[in-house]
Amino acid sequence: MTELLQVRGLSVRYGMIEAVKDVSFAVSEGAIVSLVGANGAGKTTILRTISGLLPPVAGEVFFADQPLAHLPAHEIVASGLAHVPEGRRVFPRMTVRENLDLGAFVCGQGNNIDADLERVHTLFPILAERAGQKAGTLSGGEQQMLAIARALMSRPRLLMLDEPSMGLAPLITQRIFDIVAELREQGTTVLLVEQNAQAALSLADKGYVLESGSVVLVGTGADLLMNEDVRKAYLAE
Amino acid sequence: MTPVPPSASHLTSRHKTNWSEMWRSVLRLSGRWRFVLGIAGALFVWTAAFSPWASFAFGYPGKMTLSGFPGGARVYLLPLLLLVSLLFFTLPVGATAGVRAALGLLFIAGYNFIAISWEGDGVDAVAWGAWIALLGSLLLLWAFASFLWEEADGRSLSGQTAGHTAVKLPDPIWQMLLVFGGVPALLICFVYALDVEESSRFVSLICCLGAGSAALSSLGFFNWTSELLARQRTFAVILLLIAALVFPFTQDGNGYWLRVLISVGVFASAAIGLNIVVGLTGLLDLGYIAFFGIGAYVSALLSDADFTTVHVRVPFLLVLLIGATVAGLVGIFVGAPTLRLRGDYLAIVTLGFGEIFRITMNNWNGLTRGPNGIAGISDLEIPSLFGSTPLNFGDAHEVFGVSLPNFANYYFLCIFLFIGMAILFSRLGNSRIGRAWMAIREDEIAASSMGVNPVRFKLLSFALGASMAGAAGTVSAHVTQQVSPDSFTFMESILLLAAVVLGGMGTIPGALLGAGVFYLLPEKLRAFQDVRMLMFGAALIIMMRYRPEGLIPNRRRKAEFREEKSRFSAGFLKGTGELDLMQQNPVQEGGT
């Protein structure tokens, strides 16, 4: 498998605080890769840096063999890398449909997005029902679905999900993860950032465990789930 | 209709302070007394409307000293009284509306009472009619308010406030007829209100209209009309346009109100531009009038005025384009470095820019003649459609046997300007660009994660808004015939911003209404000279407290401010009720 995304020696600082230290990892085409770790481990920072919302201090990011570093966020999306941000961040005062239209913004004017709409409506039938409703009035789970659907509208090769389970009931979380698995079946590569290590690792082809800004463990999802340290630290055993 | 659960009403009443509890327990009325007092109050006000209010023969306008006919401000009691009398039959649903109408009566009575005693040097000047008007309106207020209290205390469960009735519209034919009748009625009301000259009558009229519409609004009347207008939008817009075009023919060749309406039109056009910047993109621009000023100066300098520094005359249509372009370019020049900043910083920078513009114009004697400004700007001339001689806007015309003053020319031009701006605004607002602007307003980072280039789209919005102001400015220079720096103060920027917010952010009728309120009302309130702005400020504060979404909100904003209320009533009216929803949910969740 080719590496769709390669991160090499990435370091990010917030002022004096080094949030991410020399992190390297890769995401193969068609795979689900999970980054797991506790609060403050640097997971979100890594995603925000990849998608151009934060500038790195050092390191390189290659997406489909093109360097991404220092490209502005809106150009990175156009290259096929979609980011579902932490806390969903749907546009609350716009309707569900308008949110989806915005997701397809990079597809340009006059481009036929009906097929994309149909695809996300099949994945998330609730969004078709709620098309005219303001996104801010959706429930947390529905907003998360909308955020994922919105990202899918840009026809991404790589979907980056930041804590999709945050603040959701276990049943809804399970549904979100089922959909992530389904997306992989459809050929979308997924980079998943999660605190919920159990769910994230059981889904992942490959996992990276982060601790205070550094990668401390690498392995297949199944291996990491069996790992003693991981079980102790993240699975409360 | 499903009654409100008693527990909900108890909850609300528990939050009231002890003071209001105390007042209520003192003022509470039992069932029969409410009707007795209410009817007595109505009779008192009826009598008062035909009785003398002022006991002195001089000064106070409207023949208020005479009895037997409702002259002067008294006539405005009658529509409200009629409404109140009808509301008696709708109780307890109409209690809120009743309170509002009674408050209107009280304001009319109170204002005239104070005005009469002010002008007549003491309460002695007030005749018995005004006293019983006060008494009657207080009684009415008391009677209707006691219905409301009862409801709040949860004793009567039947009287949920009206206004949330599901909108039921008649057949399309009737809808069109209603619009067809309503628009001329509006025009007649408008012309009538402009003709009301004495301040006492005008203030009373405003009280009457304000209280009347507040009362009707609580009965759901405006939900109904807005639904009606939404269905018959094209038809209504065409009729309104015709009404606007007909207006000059109602003025008997007098240009005064046309002149005022021209400035309303010009500022409404500029307000639409500001609406793009503030309403759609969410950028706070506190120096917007500077772009208007740029347009005005460009137009003034290129019109070969009597007192000018540049002696060229460029055809107006070209000037319009040049003015818009220059303003837009300056917008880009100011915006490019500052639009990278977020939120408050932009407001400060634009505030500074507005001042820099004004001070520059004030000191650049070589070009702008400094504080003297450019004066003696000639009337507009555009190629005529009907003949070889150009149409001069300084000429009066005779059309269909009615003489139109020269201001009518500018008035029509302003209508076209406004329509142009309105079309531009609505086309942009519903486009991909408009969506990008709204996304930036909602969440700039999320927008850039969607592939929207925030800086570029903010710049586009800023520049477009600026050039729309510039275009409005070019027209304004010819209307005022002179341009000087003191027309472009910070206050003007604030007024425009307030017009946009007051009218309702992000809507075209809102911009028009806001500009109308800010540039028309002060003309009508001239009698109050010194306290006029004070009154105005107070009105704004009250307005923003009770109707934060603006006079004509767009649906999205309205829903945002009224969310909780409407969510409650939606369930309430469908007959499903909150309970049903709750019962459905566990089933759904269990199924997943």
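**Sheets of chain A and the helical core of chain B**

In the predicted model, Y208(A) stands opposite V218(A) in β10(A). The strands concerned, β9(A) and β10 (residues 214–219) of chain A, pair in the antiparallel sense over 5 bridges. They form a hairpin with 2 residues between the strands, in which S212(A) adopts a positive phi near 30°.

On the β3 side, strand β9 (residues 206–211) of chain A is joined by 5 bridges to strand β3 (residues 32–37) of chain A, and these two strands run parallel. Within this pairing, the bridge partner of L35(A) is Y208(A), and that of V36(A) is V209(A). Y208(A) thus appears in both pairings of β9(A), with V218(A) in β10(A) and with L35(A).

These strands belong to an open sheet of 6 strands in chain A, ordered β6-β7-β8-β3-β9-β10, with mixed pairing. β6 (81–84) and β10 of chain A are the edge strands, each pairing on one side only. From one strand to the next, the twist averages 15°. Two helices are associated with this sheet. Helix α7 (residues 170–185) of chain A packs on it and touches β3, β7 and β8 (189–194) of chain A, its direction making about 155° with that of β8(A). Helix α6 (residues 140–152) of chain A lies across β6 and β7 (158–162) of chain A and runs at about 170° to β6(A).

Chain A also contains an open sheet of 4 strands, in the order β2-β1-β4-β5, with antiparallel pairing. Its edges are occupied by β2 (17–28) and β5 (66–67) of chain A; each has a single partner strand, so one side of each is left without a neighbour in the sheet. Strand β1 (residues 3–14) of chain A is connected to strand β4 (residues 58–63) of chain A through 5 bridges, the two running antiparallel. In this pair, L5(A) stands opposite F63(A) in β4(A). Helix α1 (residues 43–50) of chain A packs on this sheet, where it touches β1, β2 and β4 of chain A, and its direction makes about 115° with that of β1(A).

Turning to nonpolar packing, the largest nonpolar core comprises 169 residues, of which A271(B) and L496(B) touch the most other members. Helix α11 (residues 256–280) of chain B supplies the largest share of this core, 16 residues. Apart from this core lies another of 51 residues, among them L103(B), L105(B), I132(B) and F147(B). In soluble globular proteins, nonpolar side chains tend to be buried together. Neighbours within four places in sequence being set aside, L496(B) is in contact with F267(B), A270(B), A271(B), L274(B), Y288(B) and I289(B).

Helix α11(B) also meets helix α21 (residues 508–524) of chain B: their axes come within 8 Å and cross at roughly 140°. The two helices are therefore oblique to each other, and their crossing is right-handed. On the α11(B) side, the contact involves V260(B), S263(B), V264(B), F267(B), A268(B), A271(B), I272(B) and N275(B). The residues they meet in α21(B) are I508(B), A511(B), L512(B), G514(B), A515(B), G516(B), Y519(B), L520(B) and E523(B). F267(B) and A271(B) are thus among the α11(B) residues that meet α21(B), and both are also in contact with L496(B).

Key
Residues numbered from 1 in each chain as written. Chains lettered and ligands numbered in written order. Predicted model: local features only at pLDDT ≥ 70, side-chain atom pairs only at ≥ 80, totals over all residues. Core = buried A, V, L, I, M, F, W, Y, C linked by C-beta atoms within 7 Å. Buried ≥ 20, exposed ≤ 12 C-beta atoms within 10 Å, placed from the backbone. Contact = placed C-beta atoms within 7 Å. Pairing = 2+ DSSP bridges. Axes fitted to C-alpha atoms, helices over the stretch in contact; angles between N-to-C directions. Parallel < 35°, antiparallel > 145°, perpendicular 65-115°, else oblique. Left-handed = near helix turned anticlockwise from the far one by under 90°.
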